[in-house]
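Here is a short tour of one protein fold, written for someone who likes to see how the pieces fit together. Have the viewer open as you read.

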Amino acid sequence: MSMHWAALLLDNACDSLLRIDPCGVAVWALQFTPRVAQKNQTVLLEVEQSLRLFGGEDHVHQLVEEGASELGVSRLAWAPTSLAALACARVGIRDGFAGPLSKVLAPLPYECIDAVNVHGATLARLGCRTLADVRKLPRGGISRRFDSQLLLALDQAYGLRPEGYP
């Protein structure tokens, strides 16, 4: 089943008069879907099952983007996985559906995924700069030398493993 995630990044220094906290944005997002997660200054929502209800993809995008802007969302992105949407939002790419997910994510800096960035110093010493560079490393070596979250996060971002939020 395909997914349709949005990542909404909130900026602490936003000038919006209607600025609300991430919990408030998460509650606002519930009008579009019950599948909403809040992580630090980010709200993630999965709207695949709501697209038809709200008049299609374009209309859902318009409603979410207009409302999010009023609430102080600094950056927003859409993608097939929540981690891909978050990575895209962090680097300023709005449409994670612009091509195959592997091609969209490959050139992004590894810092855009938290579980990968935790190992940034070691990855940089190995010559990695992008997500594609990290994925080129042997999986066996990664699993032995890094924590399990690195491979899990990469697999989830690329849609190879399911995502779950408490």
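The notes below take the sheet, then the helix lying across it, then a buried helix.

## The sheet

This is a predicted model. It holds an open sheet of four strands, paired in the antiparallel sense and ordered β2-β3-β1-β4. The edge positions belong to β2 (36-39) and β4 (73-79); each has a single partner strand, so one side of each is left without a neighbour in the sheet. On average, neighbouring strands of this sheet are turned by 15 degrees against each other, direction ignored.

For a closer look at one pairing, follow β1 (residues 5-10): six bridges join β1 to β4, in the antiparallel sense. Among the paired residues, tryptophan 5 has alanine 79 of β4 as its bridge partner.

## A helix across two strands

Now bring helix α2 (residues 57-70) into view. α2 lies across β1 and β4, and its direction makes an angle of about 160 degrees with β4.

## A largely enclosed helix

Helix α3 spans residues 82-91, and eight of its ten residues are buried, so α3 is largely enclosed by the rest of the structure. You can pick out the buried residues as Ser82, Leu83, Ala84, Ala85, Leu86, Ala87, Cys88 and Ala89.

What provides the cover over these buried residues? It includes the strands β1, β3 (42-46) and β4, together with the helices α4 (101-105) and α9 (148-157). After α3 comes glycine 92, which has a positive phi, near 85 degrees.

Methods: Residues are numbered from 1 along each chain as its sequence is written. This is a predicted model: local features need pLDDT of at least 70, side-chain atom pairs count only at pLDDT 80 or more; totals for chains, interfaces and linings use all residues. Side-chain values use heavy atoms; hydrogens and water are left out. Two strands pair if DSSP finds at least two bridges between them. Axes are lines fitted to C-alpha atoms, for helices over the stretch in contact, and angles run from 0 to 180 degrees between N-to-C directions. Contact means heavy atoms within 4.5 Å. Buried means under 20% relative accessible area, exposed over 50%, partly exposed in between (1.4 Å probe, protein chains only).
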